[in-house]
Amino acid sequence: MTKPKIIWFRRDLRLADQAAIVAAAASNGPVIPVYILDDETPKHRVMGGASRWWLHRSLEELEACLQAVGSRLILRQGPAAEQLAEIVKFTGADEVHALHHYEPWWRNAERALTKTLSGEARLVLHDGNYLLPPGTVTTGAGTPFKIYTPFWKALRVHMPPAEALPSPESLAAPDVWPDSDRLEDWNLMPTKPDWAASFGDHWQPGTAGADANLEAFVDKAAQYDEGRNLPSEELVSRLSPHLHFGEISPATIWNKLAGQGTKVETYLKELVWRDYAQNVIDQFPQYGGESYREKMRALPWRDMRDDTVKADFKAWCEGKTGYPIVDAGMRELWATGWMHNRVRMIAASFLIKHLLIDWREGEKWFWDTLVDADFASNSVNWQWVSGTGVDSNMFVRIMAPLSQSEKFNAGDYIRQWVPELADVGDPYIHDPEEFGCKPRDYPRKIIGHREGRARALDAYAQVK
Ligand code: FAD
């Protein structure tokens, strides 16, 4: 009799274009889909609160999709290697199929699993969560790329990706299923207080939500080049959490949009930033916790033990800095688990430069509050803004939040997310204090732009 195969789901919660499922189902024997909530494998970054909310909803949908093809989802909690080894023993499975992931803890879990299985069954890893696996495209010297633009050019040559693999029509069930946890018992959803209460108004986690967002974006894709910088308009795809959790493959997105010709090239380039970020953490697994540039590690950040610094950080997190564009972004983040990319850049720059607070504090806050929190994309973007990373040194490029707000026409966006400013018109909305408006309950700027800029440049002068 054909031995059962296990499918180990991680951040690839879909049935379509899922190479691990196709391989596991190919033997026509029983298939056992498994998801493990693993907060324990060494170096594991415990998922943040917003991600846990998403995960709960996404697993519910995955379970329903599996039931529709005659299967189910086994849930376990604990170190992945131990849990999988136990399921292998119970079921007599001879293969564990999974997609490749590049976070350092997943590498550790894969090594631990191979060791624990000790030949009893084998772990088979497949590609498919990225356009190309990290390390596939290399420089002329055969080394992985460190800089985005040459990476993009080299990857572009290999596109388009292969057509999507089909979803299974059915998956054979084993005679006896291994034990499973109940999703409700994992307590992934916040309760008291339910700070994620409004997330559901903005998102539909799971593959149906991903497909819907892609469909909605197809007609807008040609406007993306200009529209992507305008937070008041809905001209970006909002696919990031779906991509992060693997509810849709990047190849599916590429193939759907690339047919639209050169107008969508800017979008495809952005999509490749996601691949680039994996390419970086694959080379530098410590990237999320340490500035890549050695001299920047000595930058004299303000001390987080100081009460004034703590108060400034709190004002940033709560969207009460007195800078409307920054505050709108931080409140959008809290209310929806997501923030527009242009505003992410402005808010991150404000924390790092105007407030001179270590980028790692901001990275941690985003990690906890973003529904698309991604070890690679988050750390690569934070290090990009702070000029501490492998790419260009951006520290001295200090974004002026007030003129950015005006340039990118953020008035409606601010009015939406900062109710204290709902009645303030353009152009006052970008900098009400400067125009002498005193909207009730809206704070004064916690630091002046020139003052913040000068302090940041002084700090930089000490390490450059
Ligand atoms: P679109 O503009 O529609 O882009 C399509 C897709 O391309 C995105 O879904 C995303 O997968 C990818 N993409 C676009 N821009 C980037 C980028 N700069 N880096 C990596 N991938 C990109 N993105 C995350 O997915 N997770 C994070 O944790 C994250 N943290 C960030 C932190 C900071 C400080 C900054 C400045 C950016 C961060 N980003 C992160 C990148 C970017 O802001 C989001 O990917 C984007 O806003 C998601 O919205 P969208 O799907 O509508 O993007």
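The legends below describe close-up views of a predicted model, beginning with the ligand and ending with unusual backbone positions.

In this predicted model, local features need pLDDT of at least 70 and side-chain atom pairs count only at pLDDT 80 or more, whereas totals for chains, interfaces and linings use all residues. Residues are numbered from 1 along each chain as its sequence is written, and side-chain values use heavy atoms, with hydrogens and water left out.

**View 1. Polar contacts of the ligand.** Among the 27 residues around the ligand, those that come nearest are Y224, S237, R238, N341 and D372, where a residue is near if one of its heavy atoms lies within 4 Å of the molecule. For polar contacts with the ligand (pairs of N or O atoms within 3.5 Å), the side chain of S237 places an N or O atom 2.6 Å from a ligand oxygen, and a polar side-chain atom of N341 lies 2.7 Å from an oxygen atom of the ligand. D374 contributes through its backbone, with an N or O atom 3.1 Å from a ligand oxygen. The protein buries 97% of the 810 Å² that the ligand exposes when taken alone, as computed by the Shrake-Rupley method with a 1.4 Å probe.

**View 2. The shell around the ligand.** Elements giving two or more residues to this shell are α8 (240-244), α10 (265-283), α13 (341-354) and α15 (375-386), where helices are DSSP runs (H or I, at least four residues) numbered from the N terminus, and strands are runs of E of at least two. The largest share, 5 residues, comes from α10. By residue class, the shell divides into 15 nonpolar, 6 polar and 6 charged residues, with Asp, Glu, Lys and Arg counted as charged and Gly among the polar ones. At least three shell residues come from each of domain 2 (130-162 + 206-283) and domain 3 (294-461), the bounds being those of an automatic or database domain assignment.

**View 3. Two cis peptide bonds.** Most peptide bonds are trans. The bond joining M159 and P160 is nevertheless cis, with omega about 5°, and P160 is found in the loop between α5 (148-156) and α6 (207-218). A cis bond also runs from D426 to P427, with omega near -5°, and P427 is found in the loop between α17 (411-417) and α18 (449-461).

**View 4. A positive phi at D17.** Most residues other than glycine have a negative phi. D17, which is not a glycine, has a positive phi of about 50°, and its place is in the loop between β1 (5-9) and α1 (19-25).

Technical notes: A polar contact is a pair of N or O atoms within 3.5 Å; within protein, one must be able to donate a hydrogen and the other to accept it, and residues adjacent in sequence count only if both atoms are side-chain atoms.
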